[in-house]
Structure formats: C-alpha cells, structure tokens
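User: I am new to this structure and should like to learn how to read its features. Could you please guide me through them?

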There are 2 protein chains.
Amino acid sequence: METGDHNMAARRRTNGNTESVDNYLKAILYLGGAEESRVTIKALAGRLSVAPASVTNMLQKLAGSPAPLVEYERHRGVRLSSAGKRRALEVVRHHRLIETFLYQVLDYPIEELHEEAERLEHFISERFEQRIAAKLGNPRIDPHGHSIPTMEGEMPEGERPARESILLADVVGDGTFVIDSISDRDAHSLRSIEACGITPGARLRVRKSASSEGYSVRTGRSSKVFDLSREVARDVRVVRLPK
Amino acid sequence: METGDHNMAARRRTNGNTESVDNYLKAILYLGGAEESRVTIKALAGRLSVAPASVTNMLQKLAGSPAPLVEYERHRGVRLSSAGKRRALEVVRHHRLIETFLYQVLDYPIEELHEEAERLEHFISERFEQRIAAKLGNPRIDPHGHSIPTMEGEMPEGERPARESILLADVVGDGTFVIDSISDRDAHSLRSIEACGITPGARLRVRKSASSEGYSVRTGRSSKVFDLSREVARDVRVVRLPK
DNA sequence: TCCTATAGTTAGGTATACCTAATTTGGAAG
DNA sequence: CTTCCAAATTAGGTATACCTAACTATAGGA
C-alpha cells in the first residue's frame, strides 16, 4: 500500500524561485528599479519580450506573496523589494561568475559566454557558485568588464560599468579613452570588437571620420587603426582620459 | 507600432526537449526499455514519483509526435525509439561528465555530485559538454564507476556497471571482489562508503558475520575492517575474483 | 471458463506562464 | 475642466505537466 509521494515535483516548482521570476527581477534591476525610481510595465514587457498583460499578472503575484520580491502599485510601476534586489544580484553574480569561468577555465570564445550563462545562472547551487568563485580567485570583474556582485548581494566599490562611463557611440570629438566595459548581448558585435583588440581596461584613441558613418579607433596594443560601425560602437562603454 | 516578438518564450519551451521529457527517457532507459523489453507504466510512475495517469499522458504525447521518442502501445508498456535512446544516453553522458567535472575540477565532496548533476544535465550545451570532456581527457568512467556514454550516444566497450556485477548485499559466502561501481543516489550512504575506502576498481574482502546483520569488509588500502549495514551494501556492486 | 485484482486509461481539474482583445485610468494638451 | 490617448488592467483562452477519481482491460487463479 504505497502512500505515493506524488505532487512533490509540483510543489518544488511552486515554492522556489523559477527561471521566469529570476528574469523579471533581473530586468527590473537592469531598468533601474533597484533604487527609488519605479520601472514601467511597458519597459519591462519590452525587455522581456513579453506582452504587457503578462507583466501585470506576474507582478501582482510577486507583490502579493507572503515575502514579496517587488513593490508594485496599480498604474504606478514597480521596483524591487530588498529581498528582490538580493535575489536579482545573486542571479547577476551567477551570470558573471559563470561567464568568467567559461572564459578562463573552459576557453570559451567570448561571443558564446552570454547564452550559456543566461541558461545556467538559474540552476547552479550555492556550492557551485562558491567553488567556481574560489577557483577563479574571487574575481571582481567579468570578461566584459562588468562588476561581479559580492556574495552578500551587493555591488562592489568602483562599480562597472562606471557611473561616468559613456557609450563609444556617444563620444563627441576626438580623444583618448579607457575601455570600461562591453555589452555581452550581441554575439556578432563581440567578434569584431575582440578582433580590434578592444578589451576592458585597454586604452583607445578615437578620431571621428567625416566621410564614413563609423569610428576610427586605435587600441594600445596594436597600432593598427580599425573602423567601427555605429552599430558596434553602441556596445562599448568608455571613460574619457584627461589629455 | 511594435510587431512584438511575443510568444517566443512559449515557442522555445514547446519545441525542444524539456527537463521533464529528459527524465522520462532516462527512467525508461534505466528500467531496461532501451532493448526489446518494454517498461511498465507502474514502474515508470514509481521511479519518477508521479501518478500512473501522468505517465500514460506523457507517453501518449511522446509517442504521437512527428519524431517519436518512444514506442508505446496501450496496455503493452513502452520502450525507447532510437531517437529516444540517443537522447537518453546524451543526458546520461551529461550527468556523468558533470559529476566527473565537479569531482575532479571543483573538488566537490562525493555525496553532492548527484544532486547538482541531476539539475544541470538538462541545461548544458553541446559546447559545454565537449569542453569539460576535453578538460578531463575524455574519461570513460565517472567517480561512481559508471561508464560515460560516448559522444555518438552509445555505451562504450566494457560497460559499467558490468553485466556480471552483483550487489554486495547479494553476495553469498565469503570471498574477494573488485568493486565495480557505487550507486550515486543515496548521499548518506556515499559518505560512509567513501569512509571505508570503497572506491571503484579497489579490491575488497568480505567475511559475513553470523552475529550482526551487516558485512565485515576489508579494502586493499587500509587493512582495517569495517562493518557495513545491509542498507549500504545495496548501493555497492562487485565482481567476484577467482581465488 | 469465468472472474476478480491489478494495471492502465480516460475524464475532469489545478497551477504556471504565456497570449489577445476589451476595458479602464490617469495625466498632458487643448 | 474636459477630452483623449497611451499605458495599464481585466477577462478569457492556450499549452505544459501534474493531480484525483472513476472506469476498463488483461492476465492469472479458482
């Protein structure tokens, strides 16, 4: 006479943070909802590639639970609760540690880091997180130049992307810059960016060409000059150096 | 006027192999449904901790798809199709490679391998699989002594657990044995098994004690004698050595 | 052979996380 | 102060993967 421990599986999914919830929290964090400002349903829907109605639904659930992950008021947008912020930063930490690990230990090509990390970040255990962090010597920066949140769920000092960094695409006039960070989202750009020797911390000289739409760019290492498209320049953040 | 690439997420889940499907395939493989013999709905339900009705439902879907993963006939049980067998072995390969990787590269304690691998096996990419396999030197055996299926989706020569291996619990009389493999499922047993020095490939002498219910066991390395409970002896497979 | 117990199936329902379409709201512009 | 529009919400529906309860089929014992 089996008792039948059925509906275990169901329960597991019901309680814990799902992949989907993680992605909502990350999106809110990304859009600025970790501070005072509230994030708009439309913006969230856009970032998540989901209908606005779905966002409203999900937020109502997240806000209405016993330990809410977000603060949400009808028609007034959302922001993260402190629990929500903690979880969001944990997932970001996972993402960036995994990227660093794949790059340094498993020799992944840079343009494949994001996709793999995006999947795995939701499923690794506390132990896995700690072991790879230890193996890597507790890094503070990932291969794209982004800060890795601490184990305690906070952004470390000297956060990257730095507040004062700007998009390479928004640079006005010529000058010398330090490369702050590179967006990890567009695999295609990453290929050409790496090919130019553009890497976080490197120096870079810009001379805007009148003729082409792009950027003439010289990195420290090679003294070659590369032409970057406007497209690609939107994936690179830089900090201007004093002359 | 946004076109809205909504229902992408939905579609992604709909097509691909889900975690759940993987687990059904693995269970059928484990229960012997890779060969001629058919597996019973009840056995599957038991192994998956799911109601028999749920199994019937799932199998109908798996059998009815354009590229069926199982062969299923009402009231006559189920077995894997060749595509299903390939996928099942791929997942097992993932599982065992991940365990080996966690053990050798990330220094996981042996009793925590299974749980982490069980989660991650569904989500790693082809590339991840290949990179860790390469890093480990394309191992053929995992830390529990189980064969790792090949990249082509086949069990290698000299399969482990070996056909002729038996449970330590089923050993009749005294003798000397080679340890074939150890079940990875019970974390608690694994602790005490490792503490005895029981490890795949090691030699082991058994003397059954009349008094206790357990086994008196001496491994090659230490000349200490350990008492193993009947419980734990059911997690160890051995092959008898000629005297 | 028949008949019942057990295995398997069907029917109907839950929760998640999406969708579209219809409706409501709130703030900016006249 | 009203109007109107974009943003947000509600209502109702889909698919997945589970469940329970009720029904059916099959195989083995009398």
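Analyst: We begin with a general idea: a polar contact is a pair of N or O atoms within 3.5 Å. The model discussed here is predicted. In it, an N or O atom in the side chain of Thr56(B) is 2.8 Å from a phosphate oxygen of DNA strand C. For the side chain of Thr18(A), the corresponding distance to a phosphate oxygen of the strand is 2.9 Å. A polar backbone atom of His75(B) also lies 2.9 Å from a phosphate oxygen of DNA strand C.

User: Which elements give two or more residues to the surface near DNA strand C?

Analyst: A residue is near the strand if one of its heavy atoms lies within 4 Å of it. Chain A contributes through α2 (19-30) and α4 (52-64), and chain B through α3 (41-48) and α4 (52-64). The largest share, five residues, comes from α4(B).

User: What is the make-up of this surface by class?

Analyst: Nine residues are nonpolar, twelve are polar and two are charged. On the side of the DNA, 84% of the strand C atoms within 4 Å of the protein belong to sugar or phosphate, and the rest to bases.

User: Is Ile148(A) buried or exposed?

Analyst: A residue counts as buried when its relative accessible area is under 20%. Ile148(A) has 3%, and is therefore buried. Ile148(A) lies in the loop between α7 (126-135) and β3 (166-167) of chain A. Beyond its neighbours within four places in sequence, its contacts include Arg93(A), Leu97(A), Thr100(A) and Pro156(A). Thr100(A) is 48 residues away along the chain, yet the two C-alpha atoms are separated by 9.7 Å.

Methods
Residues numbered from 1 in each chain as written. Chains lettered and ligands numbered in written order. Predicted model: local features only at pLDDT ≥ 70, side-chain atom pairs only at ≥ 80, totals over all residues. Heavy atoms only, no water. Polar contact = N/O pair within 3.5 Å; in protein donor to acceptor, adjacent residues only side chain to side chain. Helix = DSSP H or I, 4+ residues; strand = E, 2+ residues; numbered from the N terminus. Nonpolar A, V, L, I, M, F, W, Y, C, P; charged D, E, K, R; others polar. Buried < 20%, exposed > 50% of the residue type's maximum accessible area, 1.4 Å probe, protein only. Contact = heavy atoms within 4.5 Å.
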